[in-house]
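User: Please take a close look at a single residue in this model and describe its surroundings. I should then like the answer to place that residue in the context of the rest of the chain.

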Amino acid sequence: MASLTFTTATTAGKAFPSVPVRSDTSRPATNLNRGLPNMKRATIDPLMAGVATRPPPPTFIPNPPPTETDHHGSSKLAAWSSIRQRRWEGELAIDGEIPLWLNGTYLRNGPGLWNVGDHGFRHLFDGYATLVRLHFTNSRLIMSHRQVESEAYVSAMKHNKLCFREFSEVPTPTTTTNPLSFLSDLASILSGSSLTDNANTGVVLLGDGRVVCLTETTKGSIVIDPETLETLGRFQYSDGLGGLVHSAHPIVTRAEFLTLLPDLVRPGYTVVRMEAGSNERRVVGRADCRAGPTPGWVHSFPVTENYVVVPEMPLRYSARNLLRAEPTPLYKFDWCPENGAYLHVMCKRTGKIIDLVEKKVKSWHEDGAVPSEPFFVARPGATEEDDGVVISIVSDKNGEGYALILDGSTFEEIARAKFPYGLPYGLHGCWVPKK
């Protein structure tokens, strides 16, 4: 029985300017450190064949192709299969009623392509990023999806093989007897040059309107257009804080961007803050680990108006596993239950560690369903904190999928819209309000 846990997380910002649809999908992401210039929209490229053009056509849901089967003849869930095509767009039929006030775009990021040539990835987090867009307007819902064109993805498509170190796998090593090859590999890891920029984990709307896809590596921060889902370029941090990894799920508001930088040398976490419109991170404070020998893996963390909660979990980074070329049972980590689990609560104003506070959650579930991260959208003019709707993308037990809309105060379902075919499991999303 799958369940969905509710966490309030609202963001707001300016609408993105219009940008052209790229026709050259072999070109990797370029640097993009400032706001985007206004540009005229280009015509749709050949890869858009079979994709609905704007304005959307009348409700259209194609008949899904036969369910995939594995080598044992059993049905294979679409959530664990590579996306059927790189791009699609169309309007969905609605079962229920979408509130008329819900106008804007929900974006969800996640792995969607696990096959390169004849090689299949073994871990969910290795898949190349697929963005899903749910555009709500006048009680209608238009869905689209598209691949994020990271350097790792473009290189893999060009060379038909893995070219960068992903979450659990590395490129096939070149056979060599050179004793310096290990040192070369080590240097490429420490410099970050061999690490992936496959931004398949999070997607956030910054206070200045830029939309950024993220993963665990800091180089995997990529700016996209929330309307066309086009990859626009790499987001480069302008500070000197460095760091190869960060939390892939930062906390973003209209005014700031907060994230954690794990310290693999001196076990601990640096909390950093970036103001809207800036690419410069500034240190809020540091939380030293209570156990070791390395910091625990931090995927996400809570933030309130005055405090940052830094979790320290028993699943810890492993320097040994980071250097290995072959997959390990715990991938890049070690499981250290004897070290315990801790929560460090930091004051945002002073950077000092304080005591804990308790919070409550609400839940929704449906047998056999696997919902992605729920996202709360407040009703315009709302005065109560739960006055709005919660949006999630759900994979059901039959391999199909749908968009789910819940009442924010009761967590009761008010509408759902079935997708034309099942989608791979996704991770995080964001809301882009209508201009």
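Analyst:
**Surroundings of a single residue**

Proline 302 is in contact with Val308 and Val309, once its neighbours within four places in sequence are set aside. The model in which these contacts occur is predicted. Proline 302 belongs to the loop that runs between strand 16 (282–288) and strand 17 (307–312). Its relative accessibility is 44%, which lies between the 20% and 50% limits, and proline 302 therefore counts as partly exposed. Proline 302 also has a spatial relation to a residue remote in sequence: isoleucine 251 is 51 residues away along the chain, yet the two C-alpha atoms are 7.8 Å apart.

Strand 16 (282–288), at one end of this loop, may be considered next through its charged side chains. Aspartate 288 and arginine 286 form a salt bridge through their side chains, with an N to O distance of 2.5 Å. Aspartate 288 is partly exposed because its relative accessible area is 45%, and arginine 286 is likewise classed as partly exposed, at 23%.

Other salt bridges provide a context for this pair. The whole structure contains 18 of them. Glutamate 413 and arginine 416 are joined in one, at 2.8 Å from N to O. The two partners fall on opposite sides of the 20% limit: glutamate 413 is partly exposed at 35% relative accessibility, whereas arginine 416 is buried at 19%. Arginine 146 and glutamate 149 meet at 3.8 Å, N to O, and both of these residues are buried. In addition, Glu256, Arg273, Glu275 and Lys348 are connected in a network of salt bridges.

Asparagine 200 offers a second loop position to set beside proline 302. Asparagine 200 sits in the loop between helix 2 (181–191) and strand 9 (202–205). With a relative accessible area of 2%, asparagine 200 is under the 20% limit and is therefore buried. Its side chain reaches the backbone oxygen of glycine 127 at 2.8 Å. Beyond four places in sequence, the contacts of asparagine 200 include Asn109, Gly110, Pro111, Phe125 and Asp126, together with Leu214, Thr215 and Leu427.

The nonpolar interior completes the picture. In soluble globular proteins, nonpolar side chains tend to be buried together. The largest nonpolar core here comprises 24 residues, and Leu134, Phe136 and Ile391 have the most contacts inside it. At least two residues of this core come from each of strand 7 (128–137), strand 8 (140–147), strand 24 (375–378), strand 25 (388–395), strand 26 (401–407) and strand 27 (413–418). A further core, apart from this one, has 14 residues, including Leu107, Leu131, Val148 and Leu229. Isoleucine 391, taken as an example from the largest core, is in contact with residues that include Leu102, Tyr106, Leu134, Phe136, Leu404 and Trp431, leaving aside neighbours within four places in sequence.

Over the whole chain, there are three helices and 28 strands. Of its 435 residues, 51% are buried. Among contacts with a separation of 6 or more, 64% join residues 24 or more positions apart. The exposed area of the chain is about 20,900 Å², of which carbon and sulfur atoms supply 53%. Within this setting, proline 302 is a partly exposed residue in the loop between strand 16 and strand 17.

Methods: Residues are numbered from 1 along each chain as its sequence is written. This is a predicted model: local features need pLDDT of at least 70, side-chain atom pairs count only at pLDDT 80 or more; totals for chains, interfaces and linings use all residues. Side-chain values use heavy atoms; hydrogens and water are left out. Helices (H or I, at least four residues) and strands (E, at least two) are DSSP runs, numbered from the N terminus. Buried means under 20% relative accessible area, exposed over 50%, partly exposed in between (1.4 Å probe, protein chains only). A polar contact is a pair of N or O atoms within 3.5 Å; within protein, one must be able to donate a hydrogen and the other to accept it, and residues adjacent in sequence count only if both atoms are side-chain atoms. Contact means heavy atoms within 4.5 Å. A nonpolar core is a set of buried Ala, Val, Leu, Ile, Met, Phe, Trp, Tyr and Cys residues joined through side-chain atoms within 4.5 Å. Accessible areas come from the Shrake-Rupley method with a 1.4 Å probe; for residues, only the protein chains shown count as cover. A salt bridge is a side-chain nitrogen of Lys or Arg within 4 Å of a carboxyl oxygen of Asp or Glu.
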